[in-house]
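The following exercises concern charged residues and their surroundings. Each task is followed by a solution in steps.

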Amino acid sequence: MNSEQKYYQHVVQSILLYEEESAEMPEVKLQRDEVLTLLEELGAELAERGIDSPVQIIVFGGVYMLMQIGNRLSTHDVDIVPLASSTDPQQETRRQKIFKQASNAVASRHNLPRNWINDDGALFVEEIIQKGELVRWKTFQMLEIWLPELACMLALKLTAFRPLQDMDDTLHLCQALNVTSAEEAQAILDRYVPTAWQEENLVDETLMDLFG
């Protein structure tokens, strides 16, 4: 097994672990207004803790569907990819520590699990998301929130597709993008997802199930 294959295997294992951990999360249902309140409080907490420039995060997953597509009434967590903002490793480590402290403070205040804001899927999605353009969505004091492209979200859903959990999200994303065939979906996948990842995740079978 060469180094590239080992890397893809590591990513696939991370996907499976992320899915298992998500399935085991306590039942939390955050509605749109609650998510906005939590993120606003997180930005305020970061400001109070002496962050000198906004912490940047990308949101994806269920919270993206809740906020941007509207096919969900709630989400059980806020999936994020943290964006590094400092070239100094010590400074970046400090910022990450403050971010964790701030998110834990918000969790305690609202009696939420500490992983209400969740970066477990970051390893999987970071490379895919950053192949597309990001759109700045919200800024709450020292928290800056970015969104991936809609097509990128579809590529993510197709790559890590779970029929029970992801079918509704995937169909709504296809509708929003006017994707009506396996060929159109494949073209989007090829823009974002390496062929090896597609093969490891049996994407061709997913497209067959979705489009026949």
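**Exercise 1. Determine which helices supply the negative surface patch, and which gives the most.**

Solution. The model is predicted, and the patch is assigned from it as follows.

1. Helix 9 (195-200) and helix 10 (203-211) each contribute at least two residues to the negative patch.
2. The members of this patch are Glu199, Glu200, Asp204, Glu205 and Asp209.
3. Helix 10 gives the most, with three residues.
4. Glu199 lies in helix 9. A patch residue must have over 30% relative accessible area; Glu199 has 57% and is exposed.

**Exercise 2. State which residues of helix 10 are buried and which are exposed, and explain how the buried ones are arranged around the axis.**

Solution.

1. Val203, Thr206, Leu207 and Leu210 are the buried residues of helix 10.
2. Viewed down the axis of helix 10, these buried residues fall within an arc of 95 degrees and therefore line one face of the helix.
3. The general geometry agrees with such a reading: an α-helix has 3.6 residues a turn, so residues three or four places apart point the same way.
4. Asp204, Met208 and Asp209 are exposed on the other side of helix 10. Asp204 and Asp209 also belong to the negative patch.

**Exercise 3. Describe the salt bridge of Arg109: its partner, its distance and the elements that it links.**

Solution.

1. A salt bridge requires a side-chain nitrogen of Lys or Arg within 4 Å of a carboxyl oxygen of Asp or Glu; by this rule the count comes to nine salt bridges.
2. Arg109 pairs with Glu41, and their closest N and O atoms are 2.7 Å apart.
3. The pair links distant parts of the chain: Arg109 is in helix 4 (residues 89-110) and Glu41 is in helix 2 (residues 32-48), 68 residues apart.
4. Arg109 has a relative accessibility of 45% and counts as partly exposed.

**Exercise 4. For the salt bridges of Arg49 with Glu45 and of Asp166 with Lys157, classify each residue as buried, partly exposed or exposed.**

Solution.

1. In the bridge between Arg49 and Glu45, the closest N and O atoms are 3.1 Å apart.
2. Buried means under 20% relative accessible area. Glu45, at 8%, is buried, whereas Arg49, at 33%, is partly exposed.
3. Asp166 forms a salt bridge with Lys157, with the closest N and O atoms 3.1 Å apart. Asp166 and Lys157 are both buried.
4. Asp166 and Lys157 also take part in a network of salt bridges, in which they are linked with Arg72, Arg162 and Asp169.

Definitions and conventions:
Residues numbered from 1 in each chain as written. Predicted model: local features only at pLDDT ≥ 70, side-chain atom pairs only at ≥ 80, totals over all residues. Heavy atoms only, no water. Patch = residues over 30% accessible without salt bridge, like charges linked within 9 Å, V, L, I, M, F, W, Y side chains within 5 Å. Areas by Shrake-Rupley, 256 points an atom, 1.4 Å probe, with all protein chains shown as cover. Lys, Arg positive; Asp, Glu negative; His and termini not counted. Charge placed at Lys NZ, Arg CZ, Asp CG, Glu CD. Helix = DSSP H or I, 4+ residues; strand = E, 2+ residues; numbered from the N terminus. Buried < 20%, exposed > 50% of the residue type's maximum accessible area, 1.4 Å probe, protein only. Arc of directions from axis to C-beta.
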